[in-house]
Structure formats: structure tokens, C-alpha cells
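Biologist: Please take one contact between parts of this model and go through it closely. Then set it in its surroundings.

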There are 2 protein chains.
Amino acid sequence: MVSISDVAHEAHVSKMTVSRVINHPEQVSAEIRTDVQRVISQLGYVQNRAGRALANNRHYNIAFILLDDVNEIEPYYAHLLMHLTDSLRNEGYTLEMRHDRNFDLTNVDGFLVCGARHSDFDVLNNLPIPVVIYGTEAGITSVDIDNKAGTYLATQLLINRQYQHLLFLGMAIDEPFETNREAGYRQAMQEAGREPEIHHLPNNEQIALQFLQNNQLSANTGIIAATDRLGLGALRASRHQGLAVPDEVGIVGFDGIYIHQLAEQSLTTVQQPLKEIAEKMVQLLLAELAGEIVTSEYIVPELIHGETTMSKN
Amino acid sequence: MVSISDVAHEAHVSKMTVSRVINHPEQVSAEIRTDVQRVISQLGYVQNRAGRALANNRHYNIAFILLDDVNEIEPYYAHLLMHLTDSLRNEGYTLEMRHDRNFDLTNVDGFLVCGARHSDFDVLNNLPIPVVIYGTEAGITSVDIDNKAGTYLATQLLINRQYQHLLFLGMAIDEPFETNREAGYRQAMQEAGREPEIHHLPNNEQIALQFLQNNQLSANTGIIAATDRLGLGALRASRHQGLAVPDEVGIVGFDGIYIHQLAEQSLTTVQQPLKEIAEKMVQLLLAELAGEIVTSEYIVPELIHGETTMSKN
DNA sequence: TTGTAAGCGTTATCAG
DNA sequence: CTGATAACGCTTACAA
């Protein structure tokens with residue numbers, strides 16, 4: 001491996017000059033700078049990050065910790081991960097994949113965390129390096145979608161499309177993102193002077209299907225589902241009951257990666273803008289690393305119009 | 001950060017002794033060893049990997065390069081990635097996520113590559129560090145499922161279940177995994193004295209559905225699909241045509257992560273054993289790093305029985 | 001603007 | 001079995 005000394009020697013300058021050309025090019029005279037750059041590319045020199053890390057007490061490496069159980073990993077994590085990888089690389093950082101609760105500080109400058117539970121927040125709050133989580137938790141820098149705004153949009157869509165009976169299919173868990181999704185529905189309903197109807201189910205399309213089979217849907221029903229899986233169950237229940245989608249039943253899901261595309265009819269859904277989320281997470285983390293004080297951010301998701309809601313006219 | 005010197009000082013030994021306790025404990029007397037270990041945990045010392053990397057000319061870091069387009073990333077990559085992360089960590093290595101064709105050697109000891117195209121193999125073959133790919137390519141160490149064995153199993157299943165008319169839905173691409181999947185079908189058919197019928201389609205459930213709509217299926221048909229997406233299309237086509245699955249039409253997919261669970265009826269499928277694949281990939285890469293000569297490996301996939309094939313009797 | 005010296009944390013080598 | 005020394009590649013601080 002060619003090192004900075006090789007470059008220095010070949011360019012007839014000191015190691016420091018080479019280092020400056022790389023890190024502070026403006027401090028080097030134009031002539032020497034181009035000369036050194038030429039040698040760098042001639043020799044194919046690349047910085048040894050271990051050396052730099054040691055000298056700087058920085059690793060230029062961020063750990064992405066995915067805490068969900070392997071079997072529950074939804075496909076959109078793969079997309080979030082790709083976007084995080086790209087965003088970090090743009091900033092000269094590297095992404096190290098993690099999958100455990102050790103929160104091992106070795107080799108990293110910060111953490112990006114996904115799927116953290118309540119029990120993790122205590123630990124995360126007391127880490128000596130910056131942390132940004134995907135989700136919402138007071139006291140930790142986070143990026144989240146505005147879940148409430150998402151279901152608010154979804155509910156308004158179904159109202160506008162003239163569905164009469166609007167019900168919310170929520171998840172049977174006590175997490176902020178669930179309560180917020182429910183809140184968006186409630187608010188839109190209240191503003192429209194409608195009476196909310198809410199059911200909580202495990203996040204599984206089979207169970208949603210069975211549940212709705214036991215509760216005959218009426219024609220002209222709009223279903224706001226807290227997830228695409230629940231939306232998928234609603235779609236199947238409607239078909240089983242002989243109700244036409246979207247003419248008699250309208251359905252909006254939530255999450256917007258993968259599942260909605262695979263449904264029998266493409267699902268209208270509230271899409272998580274993963275690229276934007278990834279960029280914000282990286283931006284906040286690097287700002288913290290630079291010593292800035294940052295505040296959590298919420299990103300408003302977007303409605304994707306599929307075949308389970310009536311089109312405008 | 002507490003360093004090896006702090007531990008050495010506190011334990012009244014030299015840095016080297018601490019280093020030995022960590023890397024070659026058998027070279028240290030039992031008494032001193034336990035003493036040093038106590039101090040290590042008292043002080044919460046963790047190795048600085050940059051220092052170690054510099055001294056050893058090793059990084060203990062492997063890049064996982066996912067070359068597929070973001071939009072085409074199938075969910076099972078997320079699972080493969082998790083398993084790779086776990087396997088590497090077990091061996092004291094770290095996984096660095098990559099998503100580009102730079103094949104940047106900085107900071108890594110080896111590459112694990114997924115989704116490589118023909119045009120990549122030239123580069124991959126001439127890298128100065130070990131590479132293991134997921135897939136098949138002569139001249140590069142690889143781990144792959146035995147695609148032929150998979151479709152062979154699938155075809156035999158449909159033969160055993162007494163489906164008369166057996167057709168293969170392949171992908172319209174010229175890649176070894178496709179030809180191998182086709183070959184498994186061909187072989188099973190030949191052994192059973194049946195005439196093969198093969199169609200090639202883009203890997204998309206909508207297109208498969210349309211294609212089969214234009215080619216009325218007969219009752220008592222068995223469909224071996226080269227992917228779960230194609231299998232899903234076949235399932236929908238059968239239902240559209242009023243054919244009962246699995247009684248009149250039997251369907252087996254291929255891949256076995258996620259899609260088969262979300263189908264209207266759970267799809268019988270040939271499952272990629274991702275954990276095993278990940279473990280093998282890591283094992284081969286580390287063996288190469290250790291200077292061993294290794295050969296590519298093929299893993300026989302497993303049939304997952306769903307609701308799209310008749311049960312035994 | 002450029003160079004020199006020292007140090008970041010670790011381990012291989014060699015000496016005791 | 002244990003320790004001193006030098007080295008890995010790089011950058012900060014200081015000197016010229």
C-alpha cells in the first residue's frame with residue numbers, strides 16, 4: 001500500500017505538505033499543490049483511515065444499529081440503509097452495520113438507531129457520542145415522519161372521495177407512532193364532524209382479514225389502516241365480502257415500501273420519504289459531531305395514489 | 001477513552017503484557033492474566049481498532065457491497081445483511097456497508113459482493129484483497145444456492161402431487177441462476193418422461209398475470225415459477241380464471257422471503273437459506289484472508305410448503 | 001508557504 | 001514469562 005511518505009518522497013516534499021494538499025489545500029502554493037496531486041493519482045494513493053483516526057481521535061465511521069428482530073425486519077429498512085450509506089459517503093463517512101444492543105463505542109463517532117424500544121432509551125441517552133434515532137423520544141435527537149399528518153391526509157382523502165363510513169384500523173401496541181397515527185385520524189374526523197370508529201389489531205394481514213370477516217363491512221366504507229399490512233387485510237376482507245374496491249370500499253395504508261405494490265390492487269398509501277429521512281438523520285448527526293445544538297425533525301409524508309381509492313371525479 | 005497504557009499502569013505491568021492478555025492470553029501467567037483482566041473490566045477498557053489496524057496492517061473490517069439498484073432491492077437482502085453482520089461480528093470483524101462500484105480498498109480487508117453484473121467481474125477478479133460474491137461466476141470465490149436443485153425439488157413436488165400439465169415460468173434474462181433454475185425443471189421433467197413447457201417473462205407479477213390471462217390455463221396444471229413474483233402472478237391468474245388453487249392449479253415460487261407470506265394464499269416456495277449462505281460467505285472470506293485456498297460452495301435450498309400446492313394425501 | 005518533531009494506541013520483535 | 005523499543009500512517013503544534 002502506498003503511503004503518504006511515498007507520495008512525499010516522489011513529489012520531493014515533506015509528508016506534511018502532502019497532508020495539507022489533502023486536508024487544507026488552500027494552505028499550499030498552487031504549483032506544489034498540483035504537483036502533489038499529480039503524484040497522488042499517479043501512485044494511486046489513498047488515505048489510510050486508521051492512521052488518520054489515530055491522529056485525529058476521529059474514526060469517520062458511523063454505526064447504524066438496527067434493533068428489530070431479524071424476522072420482523074420490514075423491507076423498507078433496506079432502503080433506509082441504502083440512503084444512509086449514500087448520505088454518509090457523501091460526507092466522507094463510512095457506515096458500519098450493527099445488530100445488537102452492545103452500543104460498543106469502538107471505532108465509531110456516532111450512532112444512528114432504528115427500532116429502539118423504551119428500554120433502550122436510558123442507555124442511548126447516556127452515551128458519550130452523538131446519537132440520532134429514527135422514531136420519536138423526548139430527550140434524544142430524532143428524525144421521524146409526522147405520523148399524525150400522514151393519517152390526517154389519508155383521512156381527508158377518503159372524506160373528499162365521499163366515503164361515508166370511515167374507520168381506523170390501528171395497531172395493538174402502545175407506541176408513540178401508533179397513537180400519533182390515530183390522532184391524525186381523530187383530528188380529521190372531528191374537523192369533518194364525523195364520529196370516529198377505531199379498532200386495534202396485531203399488525204398482520206391475516207388477522208385483519210379475519211377480524212373484518214367477523215364484522216361485515218357496509219358499502220361505502222373508507223378504511224384508514226395504520227400500516228400497509230392492515231390495509232392489505234382490509235382489501236382482502238372487502239373482496240371476500242363481495243364489496244368492490246375502490247367503488248364501495250376505499251382503503252389507505254401506511255408505510256409505502258413494497259407491500260402496497262404487491263397487493264392484488266396497488267394500495268393507496270402514506271409513503272415514508274426514506275431518502276429525506278436518511279439525509280436528515282445524517283445531517284443532524286454530523287451537526288452534533290461538530291458541536292452544534294440540534295433539535296429533532298419531523299418530515300411530512302406523502303400520499304401515494306393507488307387503486308384502492310377512487311380517483312378525483 | 002481509556003487506553004492500553006492506562007490499564008498497564010493500573011495493573012503495574014507493561015503495555016505488552018496487557019496486549020498479550022488480550023491477544024495471546026496463553027502466553028501470560030495465570031496470576032497476572034486474571035489481574036489484568038480485572039483491571040480491564042474495572043476501567044471499562046476497549047481496544048482502539050485504529051491502533052490495532054495500524055500495528056497489524058489489518059482493519060478487521062469487511063465491506064459488503066450491494067450493487068443492485070435501490071429500487072430493485074428485494075427485502076431478502078436486508079435479511080442476508082443481518083446474518084452477515086452477525087457472522088462477521090462472531091469472528092471479530094465489522095461490516096461496512098457499501099453501495100457503489102468504486103471498490104475502494106481503504107479501511108477494509110475484504111469484500112462481500114451481492115448483485116454483481118458481468119461487467120463487474122473483471123474488476124473483482126483483479127482486486128488485491130479477497131472477494132466472495134453471492135452468486136456464481138467462474139474464477140471468483142462465491143457462495144450460491146443450488147438453483148438447479150431447487151427447481152428440481154419444486155418440479156418433483158408438483159409431479160408427486162399429481163399435477164398433469166407442468167409449466168415453467170422463467171425470467172427473461174441471461175444469467176446463470178436463471179438457466180440453472182430452468183435446468184432443474186428440465187431434468188425433473190425428463191426423468192419423469194414429461195415434455196417441458198417453458199415461458200420467459202420479466203420478473204413482475206403484473207406481467208405474469210397478464211401473460212397467463214392471454215393463455216388460458218387448463219385445470220390440473222402445475223406451475224414452477226422462477227421467482228415468487230412470478231408465482232404470485234400465476235396465483236392471481238389462476239384465481240381470475242376461476243381455477244381453484246391448489247386443487248386445480250399448483251404453484252411453487254422461488255426465493256422465500258416475504259412475498260410468499262403476503263400472497264393471498266401463502267405460496268409454496270423454494271427458500272434461500274440466508275443464514276447458512278451468510279455464514280458460508282464469511283467463512284470463505286476469512287479463510288482466504290488467512291491465506292487458504294478455497295473453493296466456491298453451493299447450498300441446497302429447502303421447500304417451504306404453503307397453500308398453493310396440495311398436501312400429501 | 002513549508003518543514004520538523006512528537007504523538008495518537010497498538011503490536012511484532014527481540015532481549016532479558 | 002515479561003518488558004523495552006520501534007514501527008504502523010497520519011496530523012497537530014510549532015519552528016523556520
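**The domain contact**

Modeller: Domain 2 of chain A and domain 3 of chain A have C-alpha centres 29 Å apart. The assignment splits chain A into domain 1 (4-56), domain 2 (61-145 + 274-300) and domain 3 (147-272). Such bounds come from an automatic or database domain assignment. Domain 2 of chain A brings 12 residues to the contact, and domain 3 of chain A brings 13 residues. Contact here means heavy atoms within 4.5 Å.

Some ground rules before going on. This is a predicted model, in which local features need pLDDT of at least 70 and side-chain atom pairs count only at pLDDT 80 or more, while totals for chains, interfaces and linings use all residues. Residues are numbered from 1 along each chain as its sequence is written, chains are lettered from A and ligands numbered from 1 in the order in which they are written, and side-chain values use heavy atoms, with hydrogens and water left out.

Now the area. Domain 2 of chain A and domain 3 of chain A bury about 1,000 Å² between them, with 59% from carbon and sulfur atoms. On the domain 2 side, E74(A), Y76(A) and I145(A) lose the most area to domain 3 of chain A, together 44% of what that side buries. Buried area is the accessible area (1.4 Å probe) that two parts lose on being put together, summed over both.

What about charge and polarity? Between domain 2 and domain 3 of chain A there are zero salt bridges. The rule asks for a side-chain nitrogen of Lys or Arg within 4 Å of a carboxyl oxygen of Asp or Glu. Three residue pairs with both members at pLDDT 80 or more do make polar contact across this interface. That term covers N or O atoms within 3.5 Å; within protein, one must be able to donate a hydrogen and the other to accept it, and residues adjacent in sequence count only if both atoms are side-chain atoms.

Helix 5, strand 5 (142-145) and helix 12 (274-289) of chain A each give at least two residues to the domain 2 side. That side holds seven nonpolar, three polar and two charged residues. Ala, Val, Leu, Ile, Met, Phe, Trp, Tyr, Cys and Pro count as nonpolar, Asp, Glu, Lys and Arg as charged, and the others, Gly among them, as polar. Helices (H or I, at least four residues) and strands (E, at least two) are DSSP runs, numbered from the N terminus.

Helix 5 also leads out to the other chain. Chain A and chain B bury about 4,000 Å², 60% of it on carbon and sulfur atoms. Each chain gives 44 residues to this contact. Five salt bridges cross the interface of chain A and chain B. In a salt bridge of D104(B) with R89(A), the closest N and O atoms are 3.5 Å apart. Polar contact joins eight residue pairs between the chains, both members at pLDDT 80 or more. On the chain A side, helix 4 (49-56), helix 5 (76-90), strand 2 (94-98), helix 10 (228-240) and helix 11 (259-262) each supply at least two residues. Helix 5 of chain A gives the largest share of that side, eight residues. By class, the chain A side has 18 nonpolar, 14 polar and 12 charged residues.

Strand 2 of chain A also pairs across the chains. Its antiparallel partner is strand 2 (residues 94-98) of chain B, over three bridges. Pairing needs at least two DSSP bridges. M97(A) has L95(B) as its bridge partner.

Three local details remain in chain A. Y152(A) sits in helix 7 (residues 147-160). Residues touched by Y152(A) include G184(A), Y185(A) and E191(A). The peptide bond from V245(A) to P246(A) is cis, with omega near 10°. P246(A) lies in the loop between helix 10 and strand 9 (249-255) of chain A. N107(A) has a positive phi, near 80°, though not a glycine. The loop between strand 2 and strand 3 (110-114) of chain A holds N107(A).

Definitions and conventions
Lists of a residue's contacts leave out its neighbours within four places in sequence.
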